[in-house]
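User: I would like to learn how to read the features of a structure like this one. Please take me through a few of them, with the general idea before the case.

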Amino acid sequence: MKKAVTVKKAGGRIYTFLIFLFLYAPILVLIVFSFNDTETGSRAVWGGFSLRWYRKLFEDRLILEALRNTLLIAVVAAVVSTVLGTVAAIGINGMKRLPRRIMMNITNFPMVNPEIVTGVSLMLLFVSAVRLFGGRSLGMGSLIAAHITFCLPYVILSVLPKLRQMDPNLYEAAQDLGCPPVKAFFKVVLPEIMPGVVTGMIMAFTLSIDDFVISYFTSGTTQTLPIYIYSMTRKRISPEINALSTVLFAAVMALLIVVNVRNLKDQGRQPEKEV
Amino acid sequence: MKPNSKLLSAPYTVWMTIFIIVPMLLVGYFAFTDKAGSFTLENILSVGQYSNVFLRSIWLGAVATAISLLLGYPFAMTIARMSAKRQNVMVMLVMLPMWMNFLLRTYAWMTLLEDNGLINNALAAIGLPRVHMINTAGAVVLGMVYNYIPYMILPLYSVLTKIDRSVIEAAQDLGANSAQVFLKVVVPLSMPGVISGVTMVFVPAVSTFIISKMLGGGGNLLIGDLIDMQFLGSAYNPNLGSAVSLVLMVIILICMGIMNQFDDGEVNEKGGMLL
């Protein structure tokens, strides 16, 4: 019996290892080949260690501009969608059954709708708006609007559960004790739902940075990092991509480690917290 | 939080009306009009010419979803049986590749699968014949599984980890063997996770256009590629593109309706159901 259990455990370990190998092997290959010194530009032949692709990467003005655009859009989209979404979640939470259902269906719609359809529909909207009202063609403005739109549902869906967990009497109690509504919101409601708000904002930020499909249809000629990566992959061989991937991966790793260390500290303080 | 709920969600309602509902209406409008703006059914009817593209997309998407489920389920079960601390690490390791842009992840597979790529070089080194892998339907399915399997693993894991151990023990006490426990207790209880996993893999897989472009060469045109061509490609025709998008949406709604039949309606509120 004991032997069977150990065999099962070993099988589980091997299986886990194989899945992780599948998930990480391509990334490892990218990272290794970012240090590849190659003149012929073959993607898969090792020609010695070199940092030339990194040098080239950081000299590339277009990439740096794309990076700046991406970060700007992500920050604006995350902040706006968090504020708008949190307020909306409070409103939705207080609604009666039927209007709440309608609002939730509208919220869920962009999440279940194929991204490409959302992108195309927004493109039609912006192109039609330009045709009707004039104004500049697609660019930063349309990108930011599109990003806010697809981030909003994620903010709402991470704030709503926290509102539902909250004791509704708390807010009323604060008011009974003479606290004005706005102050009651900031002193009583917001601290209660803060984990949901923060999660929503982080999600919005990362989704925005990572988005390609919707940006692709709403960007006009403006470059964001994913769009630039796309144009790089269209070229036959460009080891700069590998260097860029490595830099991004390292940044993500660093960010995740910081977040997790913070979470662990939080958990140390309140052991029963849900992630 | 009851007061002013309508007022609080008003900005959100306005935003979603402009950026979700109006664009969708525009898709409908373009799908049923010609270039001059008069009503026509021609676009919808000509979608029929592309039925092979639709069938291919649905088939490849379904195969990728099935593979993800078959690979992901045992993996999620293995994680769910680990200690709480290791579970967190595992979940983070599953999520980490998702933080890398999917264009880069797909690009990495190009390096591996090419005729002169790493896998073929390795095969040649040990004396095996080279295999043509890139630009095949199999490569597209691989790309889909690789990119979307975390969306299968995570919901499965979160459902499996919540299953009450005592329910399983009760089944064992009542004489069920491990196969019976799995089929009669674990699988039914994990159905919500299966449904959301299948949806979260199938929808993006069916509507992808980058994976097929990068790994499928020109011969594996999918619905997404067709839409892309009508809006940003050589065959500029937003009317036809809108019609294709509309049909794609209907297909996905039907698939999700079918999926929801397997569900007891518990995920209704947050599971992303429509209508």
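**Reading helix packing and chain layout**

Analyst: H4(A) and H6(A) cross in a left-handed sense. Keep in mind throughout that this is a predicted model.

User: How should a helix pair be described, and at what angle do H4 and H6 of chain A pack?

Analyst: In general, two packed helices are described by the angle between their axes and the distance between the axes. Here helix H4 (residues 97-112) of chain A packs against H6(A) at an angle of about 120 degrees, and their axes are 9 Å apart. H4(A) is therefore oblique to H6(A).

User: Which residues make the contact between H4(A) and H6(A)?

Analyst: From H4(A) come A:Thr107, A:Asn108, A:Pro110 and A:Met111. H6(A) supplies A:Thr149, A:Phe150, A:Pro153, A:Ile156 and A:Leu157. Sorted by class, the contact of H4(A) with H6(A) has six nonpolar, three polar and no charged residues.

User: Take A:Phe150. Is A:Phe150 buried or exposed?

Analyst: The reading rests on a count of neighbours, and a residue is buried if 20 or more other C-beta atoms lie within 10 Å of its own. A:Phe150 has 26 other C-beta atoms within 10 Å, so A:Phe150 is buried. This residue sits in helix H6 of chain A.

User: What does A:Phe150 touch, leaving out residues up to four places away in sequence?

Analyst: On that basis A:Phe150 touches A:Pro110, A:Thr118, A:Leu207 and A:Ile214. Sequence distance and spatial distance can also be set side by side for one pair. A:Phe150 and A:Ala77 are 73 residues apart in sequence, while their C-alpha atoms are 9.3 Å apart in space.

User: And what about A:Gly141: where does A:Gly141 lie?

Analyst: A:Gly141 is in helix H6 (residues 140-165) of chain A. With 15 other C-beta atoms within 10 Å, A:Gly141 is partly exposed. The C-alpha atoms of A:Gly141 and A:Ile73 are separated by 9.2 Å, and the two residues are 68 residues apart along the chain.

User: Now the second helix pair. At what angle do H7 and H9 of chain B pack?

Analyst: Helix H7 (residues 137-160) of chain B packs with helix H9 (residues 178-206) of chain B at about 160 degrees, with the axes 8 Å apart. An angle over 145 degrees counts as roughly antiparallel. H7(B) and H9(B) are therefore roughly antiparallel to each other. Their crossing is right-handed.

User: Which residues of H7(B) and H9(B) are in that contact?

Analyst: The H7(B) side includes B:Met144, B:Tyr148, B:Tyr151 and B:Met152. The H9(B) side includes B:Gly193, B:Val194, B:Gly197 and B:Met200. By class, the contact of H7(B) with H9(B) has 14 nonpolar, five polar and no charged residues.

User: What does backbone phi say, and what is the phi of B:Asn135?

Analyst: As a rule, most residues other than glycine have a negative phi. B:Asn135 is not a glycine, yet B:Asn135 has a positive phi of about 65 degrees. B:Asn135 lies in the loop between helix H6 (118-125) and H7 of chain B. With 19 C-beta neighbours inside 10 Å, B:Asn135 counts as partly exposed.

User: Turning to whole chains, how many helices and strands are in chain A?

Analyst: Chain A has 11 helices and zero strands. The radius of gyration of chain A is 24 Å, well over the 19 Å that the globule rule gives for 275 residues, so chain A is more spread out than a compact globule. Along its principal axes, the C-alpha trace of chain A spans about 75 × 75 × 30 Å. Buried residues make up 38% of the 275 residues in chain A. Of the contacts in chain A between residues at least 6 apart in sequence, 76% join residues at least 24 apart.

User: What are the corresponding readings for chain B?

Analyst: Chain B has 12 helices and zero strands. The C-alpha trace of chain B spans about 70 × 70 × 30 Å along its principal axes. In chain B, 43% of the 275 residues are buried. Of contacts in chain B between residues at least 6 apart in sequence, 71% join residues at least 24 apart.

User: How many residues of chain A are in contact with chain B?

Analyst: 68 residues of chain A are in contact with 62 residues of chain B. Helix H1 (residues 2-34) of chain A gives the largest share of the chain A side, 12 residues. By class, the side of chain A that touches chain B has 49 nonpolar, 16 polar and three charged residues.

Notes:
Residues numbered from 1 in each chain as written. Chains lettered and ligands numbered in written order. Predicted model: local features only at pLDDT ≥ 70, side-chain atom pairs only at ≥ 80, totals over all residues. Axes fitted to C-alpha atoms, helices over the stretch in contact; angles between N-to-C directions. Helix = DSSP H or I, 4+ residues; strand = E, 2+ residues; numbered from the N terminus. Parallel < 35°, antiparallel > 145°, perpendicular 65-115°, else oblique. Left-handed = near helix turned anticlockwise from the far one by under 90°. Contact = placed C-beta atoms within 7 Å. Nonpolar A, V, L, I, M, F, W, Y, C, P; charged D, E, K, R; others polar. Rg over C-alpha atoms; globule rule 2.2 N^0.38 Å. Buried ≥ 20, exposed ≤ 12 C-beta atoms within 10 Å, placed from the backbone.
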